[in-house]
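Open the structure in your viewer and keep the selection tool ready. We will go from stop to stop.

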Amino acid sequence: MAVAADGTSYVGFAGVAGLVVLAADGTPAGSIALGAPVTALDVDPGGDVWADDGSTVTRLSPAGAVRGSFPHRPAASCSADAGRYGGIDVTGSLVYVAERCRGTVGVYGRSGTLKATVDLPGSASPRGIAWAPAFRKVPARLYVSVPDAGKVYGYDAAGLNGRSKPVVTVTRSRPGGLAADDHGHLAVLDSASNGLYLYDAATKYSLYRTLGHPPTAATTKGYLSRPADVAQGGAKVGRQFWVADTGNGRVQRWTVGGTTRWMADTKPPSAPGTPSNAEAPTVSGDPVVGAELSCSTGAWTGAPTSYAQTWLRDDEPIAGATGATYVVTAEDLGTELSCVVTATNAVGDSAPATSEPVAVGDGVPTGPVTTCRGGPSVRIERSGKVVAKPFVTLRIRAPEGADEVEISNDGFRHFDRKPLVSGCRYPWTLDGGPSARPKVVSVRFPGVAGVVKDHVLLDGAAPVIHQVTAKWITARQGWVLRIRATDRGTGIAFARVGKTRSSTKKFGWPADVVSWDSSQLRWIQVTDRAGLRSKWYRFRLG
């Protein structure tokens, strides 16, 4: 996540080689193709975009033209999650790189000359990094977050070198993205507590404000779910925050007081060959309260196989209003409604196409809401017991007389109210990250007693092997292997170990592996209970 001086923002993706560009008001403004998925992003004072893929830093013009690049020094590669580690901050003269594969920060000139390497406390990899100019009695500082240590370290930026030590430490559950402004304020995004915490360096780093309603994860405006990064605009845009709300698949723009300016759903940029709109979609139906409107798909080239529709009120997305139909509510009276269609083919998603708006006025609807009727029920559509992503579709059956549905992830402490739709299918985002505990979705209908539920396991994160060691133990007559690995979801089920990848043997977890021949311990992989596998780890003894 990065933001320019004029409020243009750039969104990167850990698994996709490209950026999405959003205008200052959150509307799509194009995309930029890259050579590799993104570990970290920043925009320098001149407006150029800097993208780090974990091994190479690339400088781009605002339009995406490559101006130059340089490799990390020394070169490194690892299985560390690009969505959880690594960062970059660029000033007028220096480039600070938080290394994804080791516990260091590289200080480079803008042309790629390595000027210093700062060793961080411990051995864990860093995530966020932010440079702050001097303010009052606080000198210029460089802040670095280390998620696994639960720490943010602050260094005096002048004269950074391999012997530099932190001059300040801030503790949080799992600090990730960082932002620092020219008024001595430090913002720390905590992915574990779903909050953004603001500190004042001039008052000994006192915590003066908390944004995001932690620790609750929710889809509601102003709430977060597994946030991955934060960027802060300059004085021209009120020093506001852009937050990568990863669990909800969106970006939110907040004022420094916590007011949500806008939310924008963000999907990875489309590739060449995706559908192209030839005729805009249209809205049909009576634009009066209680009536059902329909959104046509429009005409497309590129052989689309499916379409996705969302609804806008006065050009702003209506929370929960997705699908081909929309029931007009009292809140819409006096506004203009329109719909946006995205087409998908075998290559990917199109750019969105928007209909002409219709004005909502007084009147009486000419017909009832059409939807699935019967005994109340909800079913999470899935192919098995586990889903890999939090974005699911609910199939809901409503009782007679109901015209709205309320959906919740937390037993209705928080919920979204949606109009009933004729398709009976409702896009939904599960709260929280991967877990061994099922995610429960609850549904009720205003004016009708009772609640219906369904549940599913969420685990889209493969396990990660962090370290492997082996020690000869005479009593066991062999090398005893120790595997340190973690899984954020359903938990590790077993490990495979062998001389080659094709000849590995299966060991229950925690793995107890003993071999007199160390070559039989060369290749290692762990698998979680959802069947997701870690990357292969090649172990070399000594």
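Select strand E11, residues 104-109, in this predicted model. Which residues lie on each of its two faces? Thr104, Gly106 and Tyr108 sit on one side, and Val105, Val107 and Gly109 sit on the other. Both faces are covered, and each of these residues is buried. In a regular strand, side chains alternate between the two faces of the sheet.

Now add strand E10, residues 94-98. E10 pairs with E11 in the antiparallel sense, over five bridges. Find Leu94: its bridge partner in E11 is Gly109. The two strands form a hairpin with five residues between them.

Next, show strand E12, residues 114-119. E12 runs antiparallel to E11, and five bridges join them. Val107 stands opposite Ala116 in E12. Four residues separate the strands of this hairpin. Stop at Gly112 there: its phi is positive, near 105°.

Move on to the charged side chains. The structure holds 16 salt bridges. Select Arg313 and Glu331, which meet in one at 3.7 Å, N to O. Arg313 lies in strand E29 and Glu331 in the loop between E31 and E32, so the pair ties together parts 18 residues apart in sequence. Buried or exposed? Arg313 is buried at 18% relative accessible area, while Glu331 is exposed at 59%.

Last stop: select Glu406 and Arg417. Their salt bridge brings the closest N and O atoms to 2.3 Å. Glu406 is in strand E38 and Arg417 in strand E39, eleven residues apart. Glu406 is buried, at 5%. Add Glu404 and Arg444: salt bridges with shared partners join these four residues into one network.

Methods. Residues are numbered from 1 along each chain as its sequence is written. This is a predicted model: local features need pLDDT of at least 70, side-chain atom pairs count only at pLDDT 80 or more; totals for chains, interfaces and linings use all residues. Side-chain values use heavy atoms; hydrogens and water are left out. Buried means under 20% relative accessible area, exposed over 50%, partly exposed in between (1.4 Å probe, protein chains only). Two strands pair if DSSP finds at least two bridges between them.
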